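Colleague: I have a model open on my screen and would love a guided tour of one part of it. Could you take me through it slowly, with the side chains in view?

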Amino acid sequence: MNDYAGQHEVVSENMTSQITAELTRFVQELKQERKSHFHDGRKAQQNIETFWKQLEASKRRFERDCKEADRAQQYFEKMDADINVTKADVEKARQQAQTRHQMAEDSKGEYSSILQKFNHEQREHYHTHIPNIFQKIQEMEERRIVRIGECMKTYAEVDRQVIPIIGKCLDGITKAAESIDHKNDSQLVIEAFKSGFEPPGDIDFEDFTQPMKRTVSESSLSNSRWDGKSEPKPGSKSKGKLWPFIKKNKLSLKLGGGPEDFSNLPPEQRRKKLQQKVDELNKDIQKEMDQRDALTKMKDVYIKNPQMGDAASVDHKLAELGQNMEKLRLEAQKFEGWLAEVEGRLPVRTEQTRRQSGMYDTQNTSAVNNCAQDRESPDGSYTEEQSQESEMKVPVTEFDDEFDDEEPLPTIGTCKALYTFEGQNEGTISVTEGEMLYVIEEDKGDGWTRIRRNEDEEGYVPTSYVEVYLDKNAKGAMTYI
C-alpha cells in the first residue's frame, strides 16, 4: 500500500513539475497578451470615434454656414429692391452676402476632406485593424488549446510510466491479502496478551464435623477476604467471580500508570514489560561503554601527542560516564531481580511451547499457588497479596452460566444531554441533545461519566456533554422510563 501511494506521489510530483508549473507560466503570458490585444481594440475604437466626432462637427459647421449664407443673400436682395435704402447700405449687404458664401464654401471643402478621411479610417478600422486584433486573439486561444492538449498527453505519459509499477503494487496487495493467516494472527494476539494466570484448582472439602480450623484452597477462583463481621448472603452473586470478563475501570486504563515493578500486570505481561525494560537498560549501558571506550582512546592519543589536546580535559567526562554506567547497572540489577522473581513463579515453558501454542506447562505446582494470589480486582487493577493466617477466604459457591450475567450497577442520579455525542469507540454510548438518562458512575477525574439508557444500553460519555443531577438517597433501585 505504501508503494502504491508512493507511485501516486510520483505522478503528482511529475504533474507539478511538467504540467502545473508550465501551465501557470503560460497562463500568465496569455493574460498579458490578452490584455494587450484588448488595449489595442479599445485604442482603435477610440480612434474611429474621434474621427466620427470631427466629421459631425465639420458637418454641423458646414450646415450652419450654408444657412447663414442664404440669410445674407436674402437680406442683400431685399435691401437692393428697396428704393428707400441708401446705396452704401446695399453695398454693405452685398459684401456681407459674399463673405457668408465664401465661409460656406470653405466649410464645404473642410467637410468634404474630413468625410473622405473618416471613410478611409472607417474602412481601415473594420477591414484591417479590428480583424487583425481578432486574428491575434484567435491565434492566442488556439495556442492555449494546443498547450492544453500537450499537457493532457504529458499527463497520459506520466501516468503510463507508473502503470507497470502500480500493477506490481496491486499484485503485491492481492498476494498479501491472500497470505493472511487468521489462525496465526489469533495466536500472535494470544501470545502478546496472555496473562499467565493458571486455572484454579479443585476446592478442598471442608469437614465441619471435625473441630479443626477451616481453610480455603489457595487455588480457588476468588480471593475475597472477610473479617467475620458480615456473612455473605446466601444465593447472592459474587462480584469477584469470572474476573476476566468484568469491565475494567476506565480511569485506570486511560492513565496507564502503575508501580515501577509492573506488579499491577498479569504475570506474563509483567514478564514481558520487565524483559523489555532490562533490554533497554542493557542497550543504554552498552552505549555508555562505547562512549567510554572512545574517550579512553582519545585520551591515549592526547597523552602520546600532547599538541593534539589536553588529556586531563577528558577525565571529567570519563568520570561522568562511569557514574551513569553504575546507575544503569544498579537499575538493571533491580529489574533483573524482579524478572527472576516473575520467571520463577511462572510455570516452566519450553521454547517449542512458546512458539507454537503459547500455553504454559502446568507441572510446576508451586507456581499455581503463587499465581492464585494474583487476581484482577473488579475495578481492573491487579493485586498481589500474601495470605495471612488471621484472615479467612470465602470460596465462591455460585457460578452463572453466562459471562455477562451480573447485577446491574445501581443508579445514583439522572442526567440531561447538553449536546449530541456519537459514541464510536468501545465502551462509549451515543446520546442526543436533550435526552434524559440515568447516571450509574460519577466522573472519577478522567472526564467521563458512565450512564445507562435501558437494561441493554450503557456506556461512557464526556462529562462536559451532560448535566448531572445526583440522587443522594439512591440505594440501587432502578426504574426505567
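Which side chains meet in a salt bridge with Glu 441, and what is the N to O distance?

Modeller: Happy to help, and please keep in mind that this is a predicted model. The partner you are after is Lys 444: its side chain and that of Glu 441 meet in a salt bridge, with 3.4 Å from N to O. The two ends of that pair sit in different surroundings: Glu 441 is buried, with a relative accessible area of 13%, whereas Lys 444 is partly exposed at 47%. Burial here means a relative accessible area under 20%, so Glu 441 at 13% falls in the buried class. The pair also belongs to a wider set, because salt bridges that share partners, each a Lys or Arg nitrogen within 4 Å of an Asp or Glu carboxyl oxygen, join Glu 441, Lys 444, Arg 450, Arg 452 and Glu 458 into one network.

Now turn to Thr 449, which lies in strand β7. Thr 449 is buried, at 2% relative accessibility. The side chain of Thr 449 makes a polar contact of 2.9 Å with the side chain of Thr 463. Setting aside neighbours within four places in sequence, Thr 449 touches Glu 441 of the salt bridge, and its other contacts are Val 439, Asp 443, Gly 459, Tyr 460, Val 461 and Thr 463.

Some of those names come back in the largest nonpolar core, which has 12 residues. Val 439, Tyr 460 and Val 461 are among them, together with Cys 415, Ala 417, Phe 421, Ile 429, Val 431, Leu 437, Trp 448, Ile 451 and Val 466. Strands β5 (413–417), β6 (436–441), β7 (448–454) and β8 (457–462) are the elements that give two or more residues to this core. A second, separate core has nine residues, including Leu 274, Leu 281, Ile 285 and Val 342. In soluble globular proteins, nonpolar side chains tend to be buried together.

Cys 415, one of the residues in the largest core, is buried at 0% relative accessibility. Cys 169 is buried too, with a relative accessible area of 12%. A search of the whole structure turns up zero disulfides.

For some context on the salt bridge we began with, the structure holds 22 of them. One of these joins the side chains of Arg 25 and Glu 22, at 2.7 Å from N to O. Both residues are in helix α1 (residues 2–81), three residues apart, so about one helical turn separates them. Arg 25 is partly exposed at 39% relative accessibility, and Glu 22 is partly exposed at 34%. Helix α2 (residues 87–178) holds Glu 91 and Arg 94, again three residues apart, or about one turn. Their side chains meet in a salt bridge of 1.9 Å, N to O. Glu 91 is partly exposed at 32%, as is Arg 94 at 28%.

Stepping back to the whole chain, there are eight helices and nine strands. Of its 481 residues, 26% count as buried. Among contacts between residues at least 6 apart in sequence, 70% join residues at least 24 apart. The chain exposes about 33,200 Å², and carbon and sulfur atoms supply 52% of that area.

Methods: Residues are numbered from 1 along each chain as its sequence is written. This is a predicted model: local features need pLDDT of at least 70, side-chain atom pairs count only at pLDDT 80 or more; totals for chains, interfaces and linings use all residues. Side-chain values use heavy atoms; hydrogens and water are left out. A disulfide is a pair of cysteine sulfur atoms within 2.5 Å. Buried means under 20% relative accessible area, exposed over 50%, partly exposed in between (1.4 Å probe, protein chains only). Helices (H or I, at least four residues) and strands (E, at least two) are DSSP runs, numbered from the N terminus. A nonpolar core is a set of buried Ala, Val, Leu, Ile, Met, Phe, Trp, Tyr and Cys residues joined through side-chain atoms within 4.5 Å. Contact means heavy atoms within 4.5 Å. Accessible areas come from the Shrake-Rupley method with a 1.4 Å probe; for residues, only the protein chains shown count as cover. A polar contact is a pair of N or O atoms within 3.5 Å; within protein, one must be able to donate a hydrogen and the other to accept it, and residues adjacent in sequence count only if both atoms are side-chain atoms.
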